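Please open the structure in the viewer and keep the sequence panel visible alongside it. The tour below proceeds by selection, with a short account of what each stop contains.

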Amino acid sequence: MAPLSKAGTALAALREDLSGAVFTPDDGGYDEVRRVFNGMIDRRPAVIAQCEDEADVVTAVRFARELDLPVAVRGGGHSVAGTALGDGALVVDLRRMHEVTVHPAAKAVRVGGGATMSHLDRACQPYDLATTGGRASTTGVGGFVLGGGSGWLDRTFGLAVDNLIGADVVTADGTCVTATAEDHPELFWALHGGGGNFGVVTSLTLRLHELPAMSIAMLLYAPERGAEVTGVYRELIASGPREASGAVIFLTAPPEPFVPPHLVGSLLCAVLLTYAGPEEAMRRLAAPLLAVPHEAEVVTALPYADLQCMLDDPPGLRNYWSAEYLTGLPDEAVDAFCARAGSMPVPTGTQHILFPLGGAIAEAPDGFPVPYRDSPWAVHPFAIWEDPADDERCRQWVKDVRAGVAPWSSGAVYLNFTGDEGEERVAAGLGTENMRRLGAVKRHYDPDNVFRFNHNIRPA
């Protein structure tokens, strides 16, 4: 850290030069702007720079380098792992940079680094266009895409990174570069799963696809039917088209109009079948699920942007997530998955999720650092709760879920679903064979590891 006199002068200059707002621990509003989605994260950055444009990002990064501060990057979304904040760091806060520009004729969209899925999906909806997004409207587009990008449309359109056309990046020395397959190709490759290790991504350009219709079937079953309906859903996905996706989700029954009042607050097994097409075709596909006795159902056409809002989680709760990607889903794996539902914390916002891959995910070129591409199924324990007294119980449940399905684990993992689980887990999420190449890209664009508040790749 620079001497106080130099720091004071530099901070005054930052406040003067930045179009956006600057916050330090002595400023009113500091505690509000440092608050993130995950209520377990409580870190105190030295400076928060709320950037309005790319020029602001350059100014903020150069300020950090002048004072020898590490840099954390805050996009628009969840920051479940807390990577948006760093104690004593400068935070480049991109949330004001959420512009979305759709180019319908080119079937492409340019998305600001602070945009959420809601910004993206709502902008594309009028054109009947979409791209693979997360499973909630509040997910940040930037972190989601750079981490790989798995969502309801990935079996149809591929992972989010499969649709990445280009990215504007401010590197560790404050230089602006545009990474595409032709320009800065190694950086472009590394951004396909390597996260925020290489700079501040101020905008992304994504490929769009036609999506004139979307439909869903959400069915709620008694939890003891979990193994039965999971087996039905497994066969439906295996024989169904790539337009079909969704998940099996054990959850606490929410106080929604379609849920019988006597079930609210109790454990249920839900099956969400998503279909990138019209309701009539989805109903035919869902027939085996509808034939199993169930407690409630919602079967309807639904705009994709509205589907994205169905499973939104409120900010400020305590979150601990993880995942295991599976080599297959035999009956024994189904039983192991369902068995862990009995110990999940209820009533909380916790969800015990099993979802399919395959389709366009598996068929895309296998050159990017996303080693889970060939896994047909993934288990995603998603613990959310309010009371700090439940911290240990909820974290342990997530670990128990992972242990329960370990015999079928491929060893690969989607890092957007994990927090700090150690360097071996980072390698599992990027591919051990990719780590040397990623390290070389890191060395070129961030040799001092300025961007270290992430699933970190060290300069090689």
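Is Pro70 buried or exposed? Select this residue first, bearing in mind that the model is a predicted one. Pro70 has a relative accessible area of 13%; the cut-off for a buried residue is under 20%, and Pro70 is therefore buried.

**Around Pro70**

Pro70 belongs to the loop that links α3 and β3. Display its contacts next, leaving out neighbours within four places in sequence: Gly88, Ala89, Leu90, Val450, Arg452 and Phe453 are in contact with Pro70. A second proline may be added for scale: Pro25 is separated from Pro70 by 45 residues in sequence, and the C-alpha atoms of the two lie 17 Å apart.

Remain in this loop and select Asp68, which is placed between α3 (54-66) and β3 (71-74). The phi angle of Asp68 is positive, near 60°, and the residue is not a glycine. With a relative accessibility of 60%, Asp68 counts as exposed, whereas Pro70 in the loop between α3 and β3 is buried.

**The four-stranded sheet**

Extend the selection from the loop to the sheet that contains β3. Four strands form this open sheet in the order β1-β2-β4-β3, and their pairing is mixed. At the edges are β1 (22-23) and β3, each of which pairs on one side only.

Now isolate the pair β2 (residues 47-50) and β4 (residues 90-93), which run parallel and share 4 bridges. Within this pair, Val47 has Leu90 of β4 as its bridge partner. Leu90 has already appeared on this tour, as one of the residues in contact with Pro70.

**Strand β14 and its partners**

Select residues 267-275, which constitute strand β14. Of its 9 residues, 8 are buried, so β14 is largely enclosed by the rest of the structure.

Which strands pair with β14 in the antiparallel sense? One is β12 (residues 215-221), joined to β14 by 7 bridges. Another is β13 (residues 244-252), which pairs with β14 over 9 bridges. To inspect individual positions, label Leu219, whose bridge partner in β14 is Val271, and Gly246, whose bridge partner in β14 is Leu273. Met218 can be labelled as well; it stands opposite Leu272 of β14.

**Strand β12**

Centre the view on β12. How many of its residues are buried? The count is 7 of 7, so this strand, too, is largely enclosed by the rest of the structure.

Side chains in a regular strand alternate between the two faces of the sheet. To see the two sets in β12, colour Ser215, Ala217, Leu219 and Tyr221, which point one way, separately from Ile216, Met218 and Leu220, which point the other way. The residues of both sets are buried.

β12 also pairs with strand β15 (residues 296-301), in the antiparallel sense and over 6 bridges. Leu219 is a useful residue to display here: it stands opposite Glu297 in β15 and has Val271 as its bridge partner in β14.

**Two further backbone stops**

Move to His184, in the loop between β9 (176-179) and α7 (185-190). His184 is not a glycine, yet its phi is positive, at about 50°. Its relative accessible area of 32% makes His184 partly exposed.

Then select Val346 and Pro347, which are joined by a cis peptide bond with omega about 0°. Pro347 lies in the loop that runs between α11 (331-339) and β18 (351-356).

**The whole chain**

Finally, reset the view to show the entire protein chain, which has 15 helices and 19 strands. Its radius of gyration is 22 Å, close to the 23 Å given by the globule rule for 460 residues, so the chain is as compact as a globular protein of that length. Along the principal axes, the C-alpha atoms fill a box of roughly 70 × 50 × 40 Å.

Colouring by burial sets the local stops in context: buried residues make up 58% of the 460 residues. Among contacts with a separation of 6 or more, 73% involve residues 24 or more positions apart. With the surface displayed, the exposed area is about 17600 Å², of which carbon and sulfur atoms supply 51%. If charges are shown, the chain has 36 positive and 58 negative ones, and their mean positions are 3 Å apart.

Definitions and conventions:
Residues numbered from 1 in each chain as written. Predicted model: local features only at pLDDT ≥ 70, side-chain atom pairs only at ≥ 80, totals over all residues. Heavy atoms only, no water. Rg over C-alpha atoms; globule rule 2.2 N^0.38 Å. Buried < 20%, exposed > 50% of the residue type's maximum accessible area, 1.4 Å probe, protein only. Contact = heavy atoms within 4.5 Å. Areas by Shrake-Rupley, 256 points an atom, 1.4 Å probe, with all protein chains shown as cover. Lys, Arg positive; Asp, Glu negative; His and termini not counted. Charge placed at Lys NZ, Arg CZ, Asp CG, Glu CD. Pairing = 2+ DSSP bridges.
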